[in-house]
Amino acid sequence: MHLVIPYASALSDAAVQALGTLGLPNLERLLGRWAPLADAGADALPSADGLDEYALSLPHERLLARLRGWPAHDGLLPFAAEAARRDGFVPATGSGWGLVTPAHWHVGRDQVNLVDPALLELDEPEARTLHAVLAPLFEDLGWAWHWAGPTRWYVSHPSLAGLPTASLDRVIGRNVDLWLNDHPGVMAVRRLQSEVQMLLYVHPLNDAREQRGAMSVNSFWLSGTGPAQPADKALPADVVVDDRLRAPLLGDDWSAWAEAWHALDAGPLRELAETPGAVRLSLAGERGARTWEPAERAWWKRLLGALGASARSVLEAL
């Protein structure tokens, strides 16, 4: 089994404080006994993967792309095409797809932040109305416009295969300008976002939402672009992604995040430590991901691991 734990760390002051409260004995035990992948003599994946916290793709996304055998180019990991395939579409290999997520952009004094789309609580009738209203704007670009669910709208066009976009989870709660890069294709997306904002600002649906105390739907985020990969390049069956840390981290609920970490340590990490055979653990934060596996190491390496690889220091480095 290969256990992948994304959202294992974050860089905010509140996250660092929360890390200091964690007691993770099973993770400590694994880090003391196991070796980073490069030290274990394996070369299927690098031991560490990191760009920086401003890379468009999240570290665990880059890791999962490599496990699938995809080219791991920042901002061009075709998760939209993979999700569209699960939703019943048939993306041709190499074709360009993108996930369009309806969103609320909160306009502050100094910046515009994207609010977690889950907080919109957008129902299907409202979403279908918005989807129909916005269709001409996207179709005027020559993009095919697809419906899959209230918050899962897809576009397809050859240009999307080479258009780098930031993961939605990179942007939630943050200044959107940081994640709209200067690629020529992104300028078209910016113009489209402006047109959508002007159209939705005066739409009766948003008036009704605001009257009942709900947030307006005033923009969208495009993500998951890149060349669609063959359907057989799937995630290996032995890879388990446990993303229970995601919701509390994105919601800045550090008490709940710490509780989720303790549950992970008492459950999956304890089981992993007791599982014989070929097992791996990958932890991913905002900057990078690292992978460990059991390995026979020289005594001095085991000693250094026991002394130096504390859970807190490992997590803070991600």
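Here is a walk through this predicted model, from its confidence to its open and closed spaces and one helix contact.

Let us begin with how far the coordinates can be trusted. The mean pLDDT of the protein is 91, and 91% of its residues reach 70 or more. One stretch to keep in mind is residues 39-47, over which pLDDT stays under 50. For that stretch the model has 20 contacts beyond four places in sequence. Where pLDDT is low, predicted coordinates should not be read in detail.

With that in mind, let us turn to the open spaces. The largest pocket has a volume of about 930 Å³, and 38 residues line it. If you would like to find its centre on screen, look for Glu-61, Phe-79, Leu-99, Ser-167 and Asp-169, the lining residues that lie nearest to it. Which helices and strands each supply at least two residues of this lining? They are helix H3 (59-68), helix H4 (79-86), strand S4 (97-107), strand S7 (152-156) and helix H6 (168-171). H4 has the largest share, with 5 residues. By class, the lining of the largest pocket divides into 18 nonpolar, 10 polar and 10 charged residues.

Helix H6 leads us onward, as H6 also supplies at least two residues of the lining of the second largest pocket. Helix H9 (246-250) does so too, and H9 gives the most, with 4 residues. This second largest pocket has a volume of about 480 Å³ and is lined by 23 residues. Nearest its centre lie Ile-172, Arg-174, Leu-249, Leu-250 and Asp-252. The lining of the second largest pocket holds 11 nonpolar, 5 polar and 7 charged residues.

Next come the closed spaces. How many cavities of 30 Å³ or more are there? The count comes to 1, and about 60 Å³ of space lies in this largest cavity. Its lining is made up of Pro-164, Thr-165, Ala-166, Trp-179, Leu-180, Asn-181, Val-186, Val-189, Gln-193, Trp-221 and Leu-222. Helix H7 (184-201) and strand S8 (219-223) are the elements that give two or more residues to this lining, and the largest share, 3 residues, comes from H7. By class, the lining of the largest cavity has 8 nonpolar and 3 polar residues, with no charged ones.

Finally, let us look at how two helices pack. The axes of helix H2 (residues 25-33) and helix H10 (residues 254-273) come within 7 Å of each other. How are these two helices oriented to each other? Their axes cross at roughly 40°, and H2 and H10 are therefore oblique to each other. On the H2 side, the contact involves Pro-25, Asn-26, Leu-27, Arg-29, Leu-30 and Arg-33. These meet Trp-261, Asp-265, Ala-266, Leu-269, Arg-270, Leu-272 and Ala-273 in H10. The residues of this contact divide into 8 nonpolar, 1 polar and 4 charged.

Technical notes: Residues numbered from 1 in each chain as written. Predicted model: local features only at pLDDT ≥ 70, side-chain atom pairs only at ≥ 80, totals over all residues. Heavy atoms only, no water. Axes fitted to C-alpha atoms, helices over the stretch in contact; angles between N-to-C directions. Parallel < 35°, antiparallel > 145°, perpendicular 65-115°, else oblique. Contact = heavy atoms within 4.5 Å. Nonpolar A, V, L, I, M, F, W, Y, C, P; charged D, E, K, R; others polar. 1 Å grid on protein atoms, 1.4 Å probe; cavity = no way out; pocket = protein on both sides within 12 Å on 5 of 7 lines; lining within 4 Å. Points joined across faces, edges and corners; volume = space filled by probe spheres on them. pLDDT = per-residue confidence, 0-100.
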